[in-house]
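User: I should like to work through the strands and helices of this model in a series of short questions. Please reason briefly before giving each result.

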Amino acid sequence: MKVLKFGGTSVGSSKNINKVISILENYSEKDTVICVVSAVGGITDQLLLAGKQAQNKDQAFLETFKGIQERHFEIIKELNPNKSETILNYVSEKLNSLKSLLEGIFLINELSPKTSDKLVSFGELLSSFIIAETIKNRGGSAERKNSQELIVTNSNFTKAEVDYKITDKNFQDYFKSAPQKITILPGFISKSKAGEQTTLGRGGSDFTAAIIAAALKVAQLEIWTDVSGMYTTNPKLVKQAYPIDKISYQEAMELSHFGAKVLYPPTVQPVLNLGIPIHIKNTLEPEAVGTIISNDETNSVAPVKGISNISDIALLTLEGSGMVGIPGFSKRLFETLSQEKINIIMITQASSEHSICLGIEEKDAENAKIAIDEEFENEIALNKIEPIIIETGLSIIALVGDNMKNHQGISGKMFSSLGKNNVNVRAIAQGASEKNITAVIAENDVKKALNTLHEQFFETNTKQLNVFITGVGNVGERLVEQIHQQKKFLKDNLKIKMRVVGLSNSRKMLFKEDGIDLTNWKAQLNDGEDATLQGFFEKTKGLNLRNSIFVDVTANKNVADLYAQYLRESIGVVACNKIACSSDFENYKLLKRLSLKYNAPLLFETNVGAGLPIIDTLNNLVASGDKIKSIQAVLSGSLNFVFNNFNDSTKFYDVVKQAGVEGYTEPDPRIDLSGVDVARKILILARESGVEMNLEDIDNKSFLSESGLKSDTVEDFYETLVKDEAHYQALYASAKANNCQLKYVASFDNGKANVSLQEIPEGHPFYNLEGSDNIVMFYTQRYPKQPMIIKGAGAGADVTASGLFADIIRVGND
């Protein structure tokens with residue numbers, strides 16, 4: 001014998017009812033089947049709405065009734081296109097009774113609990129009849145048995161209590177002689193000993209099925225719904241969530257209490273008492289394995305079985321020095337809420353006894369405050385305690401698992417991962433059984449928190465990075481291409497799932513929470529919304545995604561000025577832009593402090609050597625205890641390109657133009673040729689080695705002509721290059737005469753730094769530096785005579801993009 005229950009969604013349309021009938025027919029080939037059904041999806045709410053409208057003298061109840069009628073007629077005709085008359089006649093009769101009841105409520109302006117039970121019972125009575133008659137019309141062996149004739153209760157309307165002795169005997173007697181293969185029973189409804197219609201309260205159809213399963217002592221109760229079992233967390237918020245194959249009763253109860261909607265814990269108590277397993281199945285995917293809930297050992301080694309949440313929570317805090325050591329405060333507090341019929345979802349109290357925090361439904365918060373302040377009016381007046389404090393806009397999240405008690409560090413992992421993603425925890429509770437760790441957080445952090453915890457406890461060490469890129473010009477475009485190309489490699493080899501969620505240029509910005517399709521991102525960006533720097537930040541902040549990284553591929557000061565805002569939201573910053581880290585020292589230190597405080601990485605490797613690991617090497621030297629004595633470097637790929645290609649047979653103007661065409665210089669070449677860019681780079685290296693220094697402290701000995709330095713526009717500057725060709729040829733001639741190469745060198749020594757064009761003699765490490773290469777020599781305590789040398793391409797879109805990419809990956813490996 002099989003007992004199955006189908007919920008409102010499962011019987012919510014003719015299409016779904018056909019699936020239910022197919023499942024029942026398959027089962028009936030081998031077993032006798034008992035099927036409990038809910039009302040057609042949404043009908044119970046509509047019945048209650050019509051009752052409220054009628055009670056309030058609102059004629060709209062007639063329209064609501066009409067909608068209920070049309071819904072049922074439509075389903076009947078779709079299920080029974082050629083044999084619907086008998087069913088329609090019965091249903092019409094029942095609907096007429098429903099209409100008469102509503103008209104009566106309208107006339108007397110009253111909807112008592114007793115009448116409400118009679119009203120809502122129509123939903124299950126109609127759905128069960130329609131399904132049973134449809135099976136019979138198709139030649140099946142089926143009967144509808146009214147549960148009201150079998151389930152006997154007291155007269156506690158809307159939540160009647162079952163008389164199990166009478167009820168169990170009724171079911172046992174009926175099914176001893178029932179000849180049909182399929183019996184359809186309406187869930188949720190019952191009758192009192194006095195013969196009055198009653199209902200079993202929230203989750204009543206589950207309760208009906210559990211009562212039957214326990215009375216008949218079946219091997220298993222199957223609850224069919226619209227999801228494939230109990231999930232590791234809410235699949236609507238976490239796409240990586242998956243069904244749990246097996247779970248204990250206690251774990252299922254905990255998850256259900258904290259928001260998993262598959263079960264309502266009190267309703268399955270009859271089968272829990274007898275140890276009858278519950279199998280959660282999906283009507284829409286009957287072949288899916290589903291979830292088995294039982295007392296059997298699950299053989300699972302995973303400490304956490306699921307993550308659940310409840311929204312719309314208010315946190316009440318009762319605190320005051322007058323509570324310390326005084327018995328009875330908690331008793332009075334709980335009694336006050338009990339008298340107001342307010343359910344307490346979570347309790348936490350500090351060992352100091354100075355405060356008690358309670359989590360309740362937000363809708364009850366104001367009533368709770370009024371009642372509690374009234375109860376403690378005397379203590380508040382004497383300043384022994386404070387008036388009750390209410391915080392709203394909160395949610396509860398909970399980790400659940402029987403094995404958590406056997407694993408150390410679960411709480412640490414939970415709270416550190418939340419902290420890294422800027423999820424503030426307002427209150428914490430954990431039972432001594434250690435099967436549940438509960439935290440109260442802001443409502444708008446729920447999605448990020450669930451994804452963060454699911455990634456931590458359920459995903460195979462895969463870390464999802466959500467990337468937001470501003471500046472998709474030459475370098476930015478290459479970065480997007482590299483991310484697109486390496487996506488599979490990152491996931492397979494580094495366990496990093498990288499998504500570009502936001503893109504922006506100077507005109508447009510584009511956001512896709514699930515990740516932008518990078519095969520055609522340019523077209524999508526062109527159709528995006530108008531871009532503003534603050535708007536891009538607000539959108540990034542609003543999405544509130546875990547492991548978010550803002551990537552600045554601009555040279556814009558206004559973008560750099562926003563870094564602090566990003567870091568304060570625990571959004572990591574990866575910067576190609578040198579302006580922030582070479583700005584005033586106090587701002588540089590502020591960014592560093594914010595990065596540490598909010599667990600938000602601030603990485604800027606490409607500030608100095610494009611894709612070369614210069615800053616990373618320097619940081620490793622310092623972190624390992626080495627001391628930087630001096631730094632000698634050629635740090636401008638642009639200037640190295642210029643002086644490697646300039647000679648007595650070329651024009652300085654032509655070489656600078658060529659550098660611009662090939663992407664080695666900024667659109668305004670003065671930024672590169674003035675030496676300011678190199679000065680910023682040596683400043684950043686000096687700061688990273690532990691020295692307090694500002695840009696104005698660096699001696700910048702410019703090689704440009706006086707007219708070049710005074711030029712107001714890019715056009716004027718290029719004109720000076722033509723006019724002052726002799727000045728630049730003289731520089732070259734001097735170097736040639738001394739058998740030297742011209743290199744623009746940055747030096748840091750004994751706390752002082754300078755940048756200048758120098759004649760480098762043959763044999764020096766800088767002499768044969770080719771193309772746009774950079775070179776850095778670190779002289780340290782451990783490398784006093786033979787420096788540590790880093791050398792390679794220091795300019796170009798591809799290598800700069802790869803440097804940014806490496807920083808992003810570094811965040812993923814943290």
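User: How many bridges join strand β12 to β14, and in which sense do the two strands run?
Analyst: This is a predicted model. In it, β12 covers residues 306-319, and Thr317 stands opposite Cys357 in β14. The strands β12 and β14 run antiparallel, and the number of bridges joining them is seven.

User: Over how many bridges do strand β13 and β14 pair?
Analyst: Strand β13 spans residues 344-349. Gln349 stands opposite Ile356 in β14. The pairing of β13 with β14 is in the antiparallel sense, and its bridges number five.

User: How many of the residues of strand β14 are buried?
Analyst: A residue counts as buried when its relative accessible area is under 20%. Strand β14, residues 355-361, is mostly covered. Of its seven residues, the number buried is six.

User: Which strands stand at the edges of the open sheet that contains β26 and β30, and why is one side of each without a neighbour?
Analyst: The sheet has six strands in the order β26-β28-β27-β25-β29-β30, with mixed pairing. Each edge strand has a single partner strand, so one side is left without a neighbour in the sheet. The edge strands are β26 (699-701) and β30 (788-793).

User: By what angle are neighbouring strands of this six-stranded sheet turned against each other on average?
Analyst: The value is an average over neighbouring strands, with direction ignored. On that basis the angle is 20°.

User: Which residue of β28 is the bridge partner of Tyr744?
Analyst: Strand β27 (residues 740-749) and strand β28 (residues 752-761) pair in the antiparallel sense over ten bridges. Within this pairing, the bridge partner of Tyr744 is Leu757.

User: At about what angle to β27 does helix α29 run?
Analyst: Two helices may be considered here. Helix α23 (residues 637-645) lies across β25 (628-634), β27, β28 and β29 (773-780), and runs at about 155° to β27. Helix α29 (residues 725-737) lies across β27 and β28, and its angle to β27 is about 95°.

User: How is the packing of helix α3 against helix α5 to be classed?
Analyst: Helix α3 (residues 60-79) and helix α5 (residues 113-137) have their axes 11 Å apart, at an angle of about 10°. Angles under 35 degrees count as roughly parallel. Therefore α3 is, with respect to α5, roughly parallel.

User: How many residues in the contact of α3 with α5 are nonpolar?
Analyst: On the α3 side the contact is made by His72, Ile76 and Leu79, and on the α5 side by Leu126, Ile130 and Thr134. Two of the contact residues are polar and none is charged. The number of nonpolar residues is four.

User: What is the distance from the first C-alpha of helix α30 to its last?
Analyst: Helix α30 (residues 797-812) has 16 residues, for which 22 Å is expected at 1.5 Å a residue. Its buried residues include Leu804, Phe805, Ile808 and Ile809. The helix reaches close to the expected value, namely 23 Å.

User: Why is helix α26 described as largely enclosed by the rest of the structure?
Analyst: The 13 residues of α26 (residues 676-688) should span 18 Å, and its end C-alpha atoms are 18 Å apart, which agrees. Among its buried residues are Asp677, Lys681, Arg687 and Glu688. The helix is largely enclosed because, of its 13 residues, the number buried is eleven.

User: Which residue follows α26 with a positive phi?
Analyst: The phi in question is near 105°. The residue is Gly690.

User: Which residue of β19 stands opposite Lys463?
Analyst: Seven of the eight residues of strand β18 (residues 463-470) are buried, so β18 is largely enclosed by the rest of the structure. Its pairing with strand β19 (residues 496-504) is in the parallel sense over eight bridges. Opposite Lys463 stands Ile496.

User: Is Ser177 buried or exposed?
Analyst: Ser177 lies in helix α6 (residues 164-177). Its relative accessible area is 59%, and a value over 50% counts as exposed. Ser177 is therefore exposed.

How values were computed
Residues are numbered from 1 along each chain as its sequence is written. This is a predicted model: local features need pLDDT of at least 70, side-chain atom pairs count only at pLDDT 80 or more; totals for chains, interfaces and linings use all residues. Side-chain values use heavy atoms; hydrogens and water are left out. Buried means under 20% relative accessible area, exposed over 50%, partly exposed in between (1.4 Å probe, protein chains only). Helices (H or I, at least four residues) and strands (E, at least two) are DSSP runs, numbered from the N terminus. Two strands pair if DSSP finds at least two bridges between them. Axes are lines fitted to C-alpha atoms, for helices over the stretch in contact, and angles run from 0 to 180 degrees between N-to-C directions. Contact means heavy atoms within 4.5 Å. Angles under 35 degrees count as roughly parallel, over 145 as roughly antiparallel, 65 to 115 as roughly perpendicular and the rest as oblique. Ala, Val, Leu, Ile, Met, Phe, Trp, Tyr, Cys and Pro count as nonpolar, Asp, Glu, Lys and Arg as charged, and the others, Gly among them, as polar. The expected span of a helix is 1.5 Å times one less than its number of residues.
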